[in-house]
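Reader: I should like to learn how a helix and its aromatic rings are read from a model. May we begin with the structure itself?

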Amino acid sequence: FITYATARGRRLVKDKLIASLLATTAIVGILMMITLSMFFWMFDYSHVWKSSINSAFTWEYNFPNVTWWDMSFITFLICISLLVYICMILFSVTTFAISVFTKNSYVTFIFFATFFIIAYMMPSFIPTSSRVMLAVGYNLSSIVLNPHVAFMGTSGLMMFKNYEWMTVGVWTGLALVACFISLRLFNK
């Protein structure tokens, strides 16, 4: 608290935001690089990169996985990777905003974990006839925990052509507003 009272200390919270975004970028990048390199080292996908992801061979459950656009496997993989990457950065910004309000890392973790779980479970508790059902279906938790159904036309509530990008866009706006409010609160 003594450091925050100085002129440099009041700018320290912005440095913490930048540090958390850089750490998130590095950790997600390293994890994705290790995971994907190990997967493609174990399984040969060299003949599949340019083939279309839309196929009857991708049949799961009741319907085949058919994307809204004609995407090759490499395009689909890049889009999913970007989507997960952006979601992780948005989670980092949200965690930062919560941490400014709580001023305690343990409480921040508990609040964010609770938020993540409630956001993921909320669509299952809302009646399907309600208009609220569509609003709670737009959450980052569902996207991150179900990347295999992203960009697919047969994915339940996510059956909108631009569902993923609309969700990320809305949550980017919400995260920026929360970050702005938390920075203003910190400066006061």
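Author: We shall discuss one helix and then two aromatic pairs. The model is predicted, so local features need pLDDT of at least 70 and side-chain atom pairs count only at pLDDT 80 or more, while totals for chains, interfaces and linings use all residues. Residues are numbered from 1 along each chain as its sequence is written, and side-chain values use heavy atoms, with hydrogens and water left out.

Reader: Which residues of α4 are buried?

Author: An α-helix has 3.6 residues a turn, so residues three or four places apart point the same way. Helices are DSSP runs (H or I, at least four residues), numbered from the N terminus; α4 covers residues 105–125. Its buried residues (under 20% relative accessible area, 1.4 Å probe, protein chains only) are Thr-108, Phe-112, Phe-116, Ala-119 and Pro-123. They pack against α3, α5 and α6.

Reader: How is a pair of aromatic rings described?

Author: Such a pair is described by the distance of the centres and the angle of the planes. Rings of Phe, Tyr and Trp (its six-membered ring) pair if their centres lie within 6.5 Å; planes under 30 degrees apart count as stacked, over 60 as edge-to-face and the rest as tilted. The structure holds 13 aromatic pairs. Phe-40 and Tyr-45 have ring centres 5.2 Å apart and planes at 80°, so this pair is edge-to-face.

Reader: Why is the pair of Phe-112 and Phe-116 tilted?

Author: Their ring centres are 6.3 Å apart and their planes lie at 40°, so the pair is tilted. Phe-112 and Phe-116 both belong to α4, four residues apart, about one turn of the helix.

Definitions and conventions
Helices (H or I, at least four residues) and strands (E, at least two) are DSSP runs, numbered from the N terminus. The expected span of a helix is 1.5 Å times one less than its number of residues. Buried means under 20% relative accessible area, exposed over 50%, partly exposed in between (1.4 Å probe, protein chains only). Contact means heavy atoms within 4.5 Å.
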